[in-house]
Amino acid sequence: MTGSAVPSPPRPPGSGSGSGSGDARTTLPLASTGEPERLRADAARNRTLLLEAASRLMAGCGATNLTMESVAAAAGVGKGTVFRRFGDRTGLLIALMNHREGLLQAAFLSGPPPMGPGAPALDRLHAFGPALMRHEREHHELILASRTDPLRTYAVPANRLRISHVAMLLRQARAEGDVELLAHTLLGSVDAALVHHLTTDRGMPIERLDQGWHDLVTRLCAGP
């Protein structure tokens, strides 16, 4: 009995005709466990190639003239590949925005103070608004072109991360009230469309908008 409890080493497929379930399991191709990782790596690499092709096109023709067909041609793939990867044109534009968002996220999540960790929450809040306004002003055409569905804007991961980050800083700075709603209010004051309107159509200097952000942060975190 004790000898039969020791499992026999697996035999390669075809080496015997054992009828036990253990023998049947050994015929499974164990190397396939790495296949999903390889597929994910290939998918990520292809996605990056498509985004780089889209970025090159957008630099020449602008976000409003970017099409799924032109991206496919520039990347040397079929149009169906681009649709499968991004769903539709809005999905492509959002993916492009998220691709560029990485630098901003790195700055406020792990970059140096005052925006990154290591500075007091209030200082990080004061630094975040001006940096965000300049980021969105640089990419305003792409941002506005991607907003074909207003509700979709709030669901993208980049926006959710901004809300969570600002709410966390407000909480740490002991702001009074519902910090999630306050975070939406603060970020709404530096929305890309509003900043573009104020700086381009109204001719306001960006420094005036910076001061408006600082005033709001100071009032929200002043305490009772």
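How much area does the protein chain expose, and what share of it do carbon and sulfur atoms supply? The exposed area is about 13000 Å², and carbon and sulfur atoms supply 58% of it. The model is predicted.

**Figure 1. The whole protein chain, built from helices.** The chain has 12 helices and zero strands. Along the sequence the pattern reads α-α-α-α-α-α-α-α-α-α-α-α. There are 224 residues, and 34% of them count as buried. Take the contacts in the chain with a separation of 6 or more: residues 24 or more positions apart account for 63% of them.

**Figure 2. Close-up of helix α6 against helix α9.** Two packed helices are described by the angle between their axes and the distance between the axes. Helix α6 covers residues 121-138, and helix α9 covers residues 157-172. Their axes come within 8 Å and cross at roughly 155°. Angles over 145 degrees count as roughly antiparallel, so α6 is roughly antiparallel to α9. The crossing is left-handed. On the α6 side, the contact residues are Ala-121, Arg-124, Leu-125, Phe-128, Leu-132, His-135 and Glu-136. They meet Arg-162, His-165, Val-166, Met-168, Leu-169, Leu-170 and Gln-172 of α9. By class, this contact has eight nonpolar, three polar and three charged residues.

**Figure 3. Close-up of helix α10 against helix α12.** Helix α10 spans residues 179-188, and helix α12 spans residues 206-220. The two axes come within 10 Å, with a crossing angle of roughly 165°. That angle makes α10 roughly antiparallel to α12. Here the crossing is right-handed. From α10, the view shows Leu-182, Leu-186 and Leu-187. Across from them, α12 brings Trp-213, Leu-216, Val-217 and Leu-220 into the contact. The class count is seven nonpolar, no polar and no charged residues.

**Figure 4. Close-up of Val-82 in helix α4.** Helix α4 runs over residues 79-86 and holds Val-82. Is this residue buried or exposed? Val-82 is buried, because its relative accessible area is 0%, and buried means under 20%. Which residues touch Val-82, leaving aside its neighbours within four places in sequence? The contacts are Leu-50, Met-68, Val-71, Ala-72, Val-77 and Gly-87. One of these partners, Met-68, can be placed by distance as well. Met-68 and Val-82 are 14 residues apart in sequence. In space they are 6.5 Å apart, C-alpha to C-alpha.

Key: Residues numbered from 1 in each chain as written. Predicted model: local features only at pLDDT ≥ 70, side-chain atom pairs only at ≥ 80, totals over all residues. Heavy atoms only, no water. Axes fitted to C-alpha atoms, helices over the stretch in contact; angles between N-to-C directions. Helix = DSSP H or I, 4+ residues; strand = E, 2+ residues; numbered from the N terminus. Parallel < 35°, antiparallel > 145°, perpendicular 65-115°, else oblique. Left-handed = near helix turned anticlockwise from the far one by under 90°. Contact = heavy atoms within 4.5 Å. Nonpolar A, V, L, I, M, F, W, Y, C, P; charged D, E, K, R; others polar. Buried < 20%, exposed > 50% of the residue type's maximum accessible area, 1.4 Å probe, protein only. Areas by Shrake-Rupley, 256 points an atom, 1.4 Å probe, with all protein chains shown as cover.
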